[in-house]
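The following note collects points for a colleague who is reviewing this model. Please read them beside the sequence and the coordinates.

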Amino acid sequence: VQLASASAGDHGLNAVGCSLRCRFLNLTIGVHLSVAKAWCIASRPKDCPQLADFIAIEIPRRDLREGEVRVLNHWMSVDPYMRGRMNAGDSYITPFELDKPMDGFAVGEVIESRATDFQPGDQVLHMLGWRTEAVAPANQYVKLPSSTIPIQAYLGIMGMPGATAYFGLFEVAQAKAGECIFVSAAAGGVGSTVLQLAKNKGLTVVASVGGPEKVRIVRDLGADFVIDYKSSPSIESALRDAVPSGVDIYFDNVGHSHLDAALGCAKDFARFAICGMIQSYNSTQPTILSNAIKIIEKRIAIKGFVITDFVCKLDAFRTDMAALIQQGRIRSLETIRSGFESGPSAFLELFSGGNVGKMLVRLVD
Ligand SMILES: NC(=O)c1ccc[n+]([C@@H]2O[C@H](COP(=O)([O-])OP(=O)(O)OC[C@H]3O[C@@H](n4cnc5c(N)ncnc54)[C@H](OP(=O)(O)O)[C@@H]3O)[C@@H](O)[C@H]2O)c1
């Protein structure tokens, strides 16, 4: 990991820098240093990314323009989809540019505003993550409601991963009570939410995870059957042993060997919600599905989806999910890494299973 400096103009980022702040008589007092910090990618990895692929830059502060808001980021999200953004070329989301600040979801607190709708102290969600501070026009921020739900949940169970689980399960897979679902990466941000939503709905859940600690965690969340894929000689045999009559739904977070196993154990007319294929993100090997013929034999419906397909329904999701959390029917699992410097390593941990639930980076104590 290297540290470099850059001008605000070069990077389209205009930020304040590390901020020493305190609350006194309900006032937020800012003592701002002269620069902010942001992570960039320095190189495009061919397979597994390394810390050396990332570079931290310092960005000098500038005054706000009319209509702009300055936010001190408290939490930033690292997500598997960002691995795809490290590659060049077309995808459903634009690649990161070399030596330019990366972005992604973050939540924080308004510390300065030249927009009428935002006041210092407002808590907001936005896409200018991977940096200590964000400066942007007001329309790039979403104000968060004040509630008992902590703001970092809007990066996890109340945010993109939670919505992915919710819409993937209910809209894409059309899950119904009494059915049997197989979910991979079941202890992760999306997977642990799918598992809990499915149990709440009355499905039988087979969860696949890597390692004994995660086995214990998903059992505790209510999984009926658990496969530790790292110690199982065959995922397909383990799945068949768990549910000999097969699965109605496969919620795929991993792809390749898990997808192949699910094809081998699908019931007639099974539905597969293809959410992610993390096993392939760092791989240069082709994905081979030895059970592909089952798609015809079992008349399996396979549907890929991207969460942005459901943005117009996010309000309904947030209402439902907030109620489930407040009723104690669903738990938010989080793994927290502390400090701006831990951003790249937290991201890399996603590919070695270092997280339980949503992987988060806390930027402000
Ligand atoms: N379609 C969409 O709109 C959308 C939105 C969000 C996320 N996603 C996808 O959903 C999946 C889960 O995302 P998330 O944010 O919730 O991440 P996550 O599950 O919290 O973290 C990734 C997990 O994947 C597992 N994993 C990593 N490498 C693996 C490998 N080679 N083989 C098997 N498992 C592996 C690890 O768990 P173990 O320790 O159990 O191996 C790791 O903890 C990802 O594929 C992501 O790309 C898609």
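**Notes on helix H6, the ligand shell and Gln 326**

1. At the start of helix H6, a side-chain oxygen of Ser 234 comes to within 3.4 Å of the backbone nitrogen of Glu 236. The model is predicted, and local features are taken only where pLDDT is at least 70.

2. Helix H6 spans residues 235-242, and its buried residues are Ile 235, Ala 238, Leu 239 and Ala 242. Viewed down the axis of H6, these buried residues fall within an arc of 100°, so they line one face of the helix. The general rule behind such a pattern is that an α-helix has 3.6 residues a turn, so residues three or four places apart point the same way.

3. Which elements cover the buried residues of H6? The cover includes four strands and a helix, listed here with their residue ranges: strand E11 (180-183), strand E12 (204-209), strand E13 (225-228), strand E14 (247-252) and helix H7 (256-264).

4. The ligand is surrounded by 27 residues, of which Val 190, Lys 214, Tyr 229, Tyr 281 and Asn 355 come nearest. By class, the residues of this shell divide into 16 nonpolar, 10 polar and one charged.

5. Helix H3 (160-172), helix H4 (189-201) and helix H8 (278-281) each contribute at least two residues to the shell around the ligand. The largest share, three residues, is that of H8.

6. Three pairings with oxygen atoms of the ligand deserve inspection. A polar side-chain atom of Lys 214 is 2.6 Å from a ligand oxygen atom. For Gly 189, a backbone N or O atom lies 2.8 Å from an oxygen atom of the ligand. For Gly 210, a polar backbone atom is 2.9 Å from an oxygen atom of the ligand. Taken alone, the ligand exposes 910 Å², and the protein buries 92% of that area.

7. A separate point concerns Gln 326, which belongs to helix H10 (residues 314-326). Leaving aside residues up to four places away in sequence, Gln 326 touches Thr 148 and Ile 149. With Thr 148 there is a polar contact between the two side chains, at 3.5 Å.

8. How far apart are the C-alpha atoms of Gln 326 and Val 172? They are separated by 26 Å, and the two residues are 154 residues apart along the chain.

Note on methods:
Residues are numbered from 1 along each chain as its sequence is written. This is a predicted model: local features need pLDDT of at least 70, side-chain atom pairs count only at pLDDT 80 or more; totals for chains, interfaces and linings use all residues. Side-chain values use heavy atoms; hydrogens and water are left out. A residue is near a molecule or strand if one of its heavy atoms lies within 4 Å of it. A polar contact is a pair of N or O atoms within 3.5 Å; within protein, one must be able to donate a hydrogen and the other to accept it, and residues adjacent in sequence count only if both atoms are side-chain atoms. Accessible areas come from the Shrake-Rupley method with a 1.4 Å probe; for residues, only the protein chains shown count as cover. Ala, Val, Leu, Ile, Met, Phe, Trp, Tyr, Cys and Pro count as nonpolar, Asp, Glu, Lys and Arg as charged, and the others, Gly among them, as polar. Buried means under 20% relative accessible area, exposed over 50%, partly exposed in between (1.4 Å probe, protein chains only). The arc is that of the directions from the helix axis to the C-beta atoms. Contact means heavy atoms within 4.5 Å.
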